[in-house]
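The following exercises ask the reader to work through a single protein chain by inspection of its coordinates. Each task is followed by a solution in steps.

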Amino acid sequence: MNDTITQFLHQHRIHEVECVIPDMTGIARGKILPKDLFLSSGEMRIPKSVLLNTVNGQQPDNGPYVGETDPDMVCLPDVSTARVVPWAAEPVAVVIHDCHEFDGSPVQLSPRSVLRHVVSLYEKQGWKPVVAPEMEFYLVARQQNPHEPLQPPLGRTGKSEAGRQSYSIDAVNDFDPFFMELSQFCSVHRLGVETLIHEAGAGQMEINFSHGDPMDLADRVFLFKRTVRETALRHGIFATFMAKPMEMEPGSAMHIHQSVLDMDTGLNIFSNADGSGSDHFNHYIGGLQKYVPQVMPMLAPYVNSYRRLSRFMSAPINVQWGLDNRTCGIRVPKSSPDNRRVENRVPGVDVNPYLAMAATLGCGYLGMMERLNPSDPMTSSAWDLDYELPRHLEDAITRMRGCDAMAEVLWPSFVKAFCAVKELEYATYSRVISSWEREHLLLLV
């Protein structure tokens with residue numbers, strides 16, 4: 001085992017290590033090992049099929065994707081991800097692992113492997129992608145009945161938010177004990193969060209991350225979700241990363257800011273020497289416009305995700321682009337030439353961060369490689385335009401299955417397995433009889 005991780009565990013007097021991998025849904029799977037066993041083993045072996053779990057714990061027929069014998073894979077610790085778990089009762093560490101075949105090659109079903117593969121495509125061109133995610137989420141009152149609508153929690157005033165409080169400082173301060181502990185946990189967990197904002201919905205918050213390497217940011221988002229949920233439970237409330245948790249409130253997004261640097265010069269390839277937008281910049285946007293609708297299961301992975309993507313609800317319905325235009329699916333913030341970047345506003349916060357980043361970077365990569373030209377930028381509202389994105393998960397799966405170009409970027413084996421997982425989730429949901437059906441169809445049809 002690496003001397004660095006050994007020193008880290010001894011320095012923090014760690015008793016146990018949470019050895020985790022993100023599955024296709026973004027849920028942490030793995031084992032908890034005593035420190036000495038973690039150091040002596042150097043690896044974790046678990047079934048490859050664990051990666052194929054649906055969000056409700058099912059699996060499609062996994063034989064075509066992992067083999068008929070349900071074999072193991074070798075999970076090796078990425079020592080750079082070692083962190084202290086700040087809410088644990090005794091000293092515990094968490095280490096994210098990479099999934100390998102027994103011959104040392106990456107497991108192509110692993111979300112971390114997919115993201116690493118997409119980043120490697122950039123590196124072969126001499127490029128270094130940079131991302132910065134924005135995370136929206138809701139604080140809600142605890143409830144045990146899934147058939148009851150969610151409600152905003154009670155703050156320190158003893159009242160719940162009755163209206164929308166965009167950018168309200170006092171509304172954030174109403175949950176000051178929660179945010180103080182969350183800030184402490186994020187610091188101990190080395191998550192590098194920056195700005196805290198009260199978003200438009202009742203009890204809806206947003207936290208922004210500093211920009212950096214895609215894998216590092218995906219790791220931090222993966223750990224951040226768990227940190228927020230754990231902190232909320234300590235304060236008697238729930239935190240949810242559902243894309244659309246409340247019917248009459250806006251949905252929650254994970255906007256992804258993206259730029260690309262030249263690995264030799266460190267310069268932003270989206271800008272020319274005179275400060276104007278480069279061909280790479282235009283082609284990147286063209287790639288997002290063409291391919292984002294083809295990878296929607298990675299950007300809107302659940303039935304609930306498509307409830308967020310509706311007109312006039314602060315969420316995009318198309319892939320138009322514009323300068324500082326939040327009605328578009330693709331926004332270019334005003335910035336200096338060195339900081340020129342593209343914001344993908346389509347992903348919901350319910351995504352697997354590794355896959356969402358792989359998908360959006362893959363779209364931009366194809367745009368630059370195919371030299372795709374974007375449409376003219378929108379200078380007015382894009383909310384009145386037609387839908388350009390899939391309207392539901394079944395349509396999104398069909399589109400993704402039919403896009404050979406993206407399959408080559410993301411690995412065909414991954415695309416087939418991922419679509420099988422999403423298809424099973426959709427089939428499971430389709431069996432549910434909703435309250436709307438009982439209310440309007442029971443006695444009227």
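## Exercise 1. Salt bridges and their burial

At 34% relative accessibility, D324 counts as partly exposed. The model is a predicted one.

**Task.** Identify the salt-bridge partner of D324 and classify that partner by exposure.

**Solution.**
1. D324 forms a salt bridge with R326, and the closest N and O atoms are 3.9 Å apart.
2. The cut-off for a salt bridge is a separation within 4 Å between a side-chain nitrogen of Lys or Arg and a carboxyl oxygen of Asp or Glu.
3. R326 has a relative accessibility of 47% and therefore counts as partly exposed.

**Task.** Determine which parts of the chain are tied together by the salt bridge of R331 with E343, and decide whether each residue is buried or exposed.

**Solution.**
1. In the pair of R331 and E343, the closest N and O atoms lie 2.6 Å apart.
2. R331 belongs to strand β13 (residues 330-332) and E343 to strand β14 (residues 342-344), so the bridge ties together parts that are twelve residues apart in sequence.
3. The limit for a buried residue is under 20% relative accessible area.
4. R331, at 8%, is buried, and E343, at 1%, is buried.

## Exercise 2. A salt-bridge network

**Task.** Starting from the salt bridge of R116 with D98, locate both residues and name the network to which they belong.

**Solution.**
1. The closest N and O atoms of R116 and D98 are 3.0 Å apart.
2. R116 lies in helix α4 (residues 111-124) and D98 in strand β6 (residues 92-100), so this pair ties together parts that are 18 residues apart in sequence.
3. R116 is partly exposed, its relative accessible area being 37%, whereas D98 is buried at 12%.
4. The network of salt bridges links D78, D98, R112, R116 and D219.
5. Across the whole structure, the search finds 18 salt bridges.

## Exercise 3. Positive phi outside glycine

**Task.** Examine R13 and R371, state the phi value of each, and place each residue in the chain.

**Solution.**
1. Most residues other than glycine have a negative phi.
2. R13 is not a glycine, yet its phi is positive, at about 55°.
3. R13 sits in the loop between α1 (3-11) and β1 (16-22), and with a relative accessible area of 67% it is exposed.
4. R371, also a residue other than glycine, has a positive phi near 55°.
5. R371 is found in the loop between α11 and α12 (393-401), and its relative accessibility of 52% makes it exposed.

## Exercise 4. The hairpin of β8 and β9

**Task.** Describe the pairing of β8 with β9 and the residues of the connecting loop.

**Solution.**
1. Strand β8 (residues 193-198) and strand β9 (residues 204-209) run antiparallel and are joined by four bridges.
2. H198 has M205, in β9, as its bridge partner.
3. Five residues stand between the strands of this hairpin, and G203 adopts a positive phi near 80°.
4. A202 is placed in the loop between β8 and β9, and at 3% relative accessibility A202 counts as buried.
5. The C-alpha atoms of A202 and P250 are separated by 9.0 Å, although the two residues are 48 residues apart along the chain.

## Exercise 5. Interior and surface

**Task.** State which residues have the most contacts inside the largest nonpolar core, and which helix supplies its largest share.

**Solution.**
1. The largest nonpolar core has 123 residues, and F224, M296, L410 and F414 have the most contacts inside it.
2. Helix α11 (residues 353-370) contributes eleven residues, the largest share of this core.
3. Beyond its neighbours within four places in sequence, M296 is in contact with P301, Y306, L309, V346, L389, P390 and A396.

**Task.** Contrast E425 with W436: is each residue buried or exposed?

**Solution.**
1. E425 is located in helix α14 (residues 412-430) and is buried, at 7% relative accessibility.
2. Apart from neighbours within four places in sequence, E425 is in contact with T25, T54, V55, N56, P301 and Y302.
3. W436 lies in helix α15 (residues 435-441) and is exposed, with a relative accessible area of 53%.
4. W436 joins L441, L442, L443, L444 and V445 in making a nonpolar surface patch of about 770 Å².

Terms used: Residues are numbered from 1 along each chain as its sequence is written. This is a predicted model: local features need pLDDT of at least 70, side-chain atom pairs count only at pLDDT 80 or more; totals for chains, interfaces and linings use all residues. Side-chain values use heavy atoms; hydrogens and water are left out. Patches are made of residues with over 30% relative accessible area and no salt bridge: like charges are joined within 9 Å, nonpolar side chains (Val, Leu, Ile, Met, Phe, Trp, Tyr) within 5 Å. Accessible areas come from the Shrake-Rupley method with a 1.4 Å probe; for residues, only the protein chains shown count as cover. Helices (H or I, at least four residues) and strands (E, at least two) are DSSP runs, numbered from the N terminus. Buried means under 20% relative accessible area, exposed over 50%, partly exposed in between (1.4 Å probe, protein chains only). Contact means heavy atoms within 4.5 Å. Two strands pair if DSSP finds at least two bridges between them. A nonpolar core is a set of buried Ala, Val, Leu, Ile, Met, Phe, Trp, Tyr and Cys residues joined through side-chain atoms within 4.5 Å.
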